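Student: Could you take me through one part of this model in detail? I would like a close look, with the reasoning spelled out.

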Amino acid sequence: MNAPTAYASRNLRSRVDDDWPFILDLWVASWRATYPEIDFEARRDWLLRRIRELEAIGAVTLCLFDAQSTLAGFVVINPADGWLDQICVAPDRFGAGLGASLLSAARNVSPRLIRLDVNADNARAIHFYERVGFSRIGRGANTLSGRETIVMEWRPQGA
């Protein structure tokens, strides 16, 4: 998987067991920055179980590290159906292009289709996905919070 030239100093690799504490910390911090009213700390065990379940059925977890070998973001995608279950960037790196780098890696894993759901009230994320070529294709609800979601899809141009 090739990272964009601007991110040549960053390292992308598959998750290893030693990454768990960093993945969980980053996930909590990122979501806390987005929805401070929700106790994401209490959902650590859920995330660990969720990613393990997804990986057991073929999903891939890719971790993006900066030049200092600090976890800067991660993505969980299933190449069999293109479902992107998690994409997360450290909150102090929001807007720095890491989300696009992670989506590029996800497209390498699932080059024909990526689908995801995003909280309908998360305007920043929706704008990001639309900017990088995703279209709105449906609605749903988050199974944990009950929040309304928008199902989005990316396919390569001309597909």
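Which helices and strands each supply at least two residues of the lining of the largest pocket?

Tutor: Happy to help, and please keep in mind that this is a predicted model. The elements that each supply at least two lining residues are the helices α1 (20-34), α2 (44-56), α3 (98-109) and α4 (123-131), together with the strands β4 (83-89), β5 (114-119) and β6 (135-141). Of these, β4 gives the most, with 7 residues. The pocket holds about 1,100 Å³ of space. Its lining has 45 residues, and W31, I87, N122, A125 and Y129 are the closest to the centre. By type, the lining divides into 23 nonpolar, 14 polar and 8 charged residues.

Let's now follow one contributor, α2. With 13 residues at 1.5 Å a residue, α2 should span 18 Å, and its end C-alpha atoms are indeed 18 Å apart, so the two agree. R44, L47, L48, I51 and L54 are buried in this helix. Viewed down the axis, the buried residues of α2 fall within an arc of 135°, which means they line one face of the helix. That fits a general rule: an α-helix has 3.6 residues a turn, so residues three or four places apart point the same way. D45 and A56, on the other side of α2, are exposed.

What sits over the buried face? The cover on the buried residues of α2 includes α1, β2 (60-65), β3 (71-78) and β4. Finally, just after α2, G58 takes a positive phi of about 115°.

Terms used: Residues are numbered from 1 along each chain as its sequence is written. This is a predicted model: local features need pLDDT of at least 70, side-chain atom pairs count only at pLDDT 80 or more; totals for chains, interfaces and linings use all residues. Side-chain values use heavy atoms; hydrogens and water are left out. On a 1 Å grid over the protein atoms alone, a cavity is a set of points where a 1.4 Å probe fits but cannot get out, and a pocket is an open set with protein on both sides within 12 Å along at least five of seven lines; lining residues have an atom within 4 Å of a point. Grid points are joined across faces, edges and corners, and a volume is the space filled by probe spheres set on the points. Helices (H or I, at least four residues) and strands (E, at least two) are DSSP runs, numbered from the N terminus. Ala, Val, Leu, Ile, Met, Phe, Trp, Tyr, Cys and Pro count as nonpolar, Asp, Glu, Lys and Arg as charged, and the others, Gly among them, as polar. The expected span of a helix is 1.5 Å times one less than its number of residues. Buried means under 20% relative accessible area, exposed over 50%, partly exposed in between (1.4 Å probe, protein chains only). The arc is that of the directions from the helix axis to the C-beta atoms. Contact means heavy atoms within 4.5 Å.
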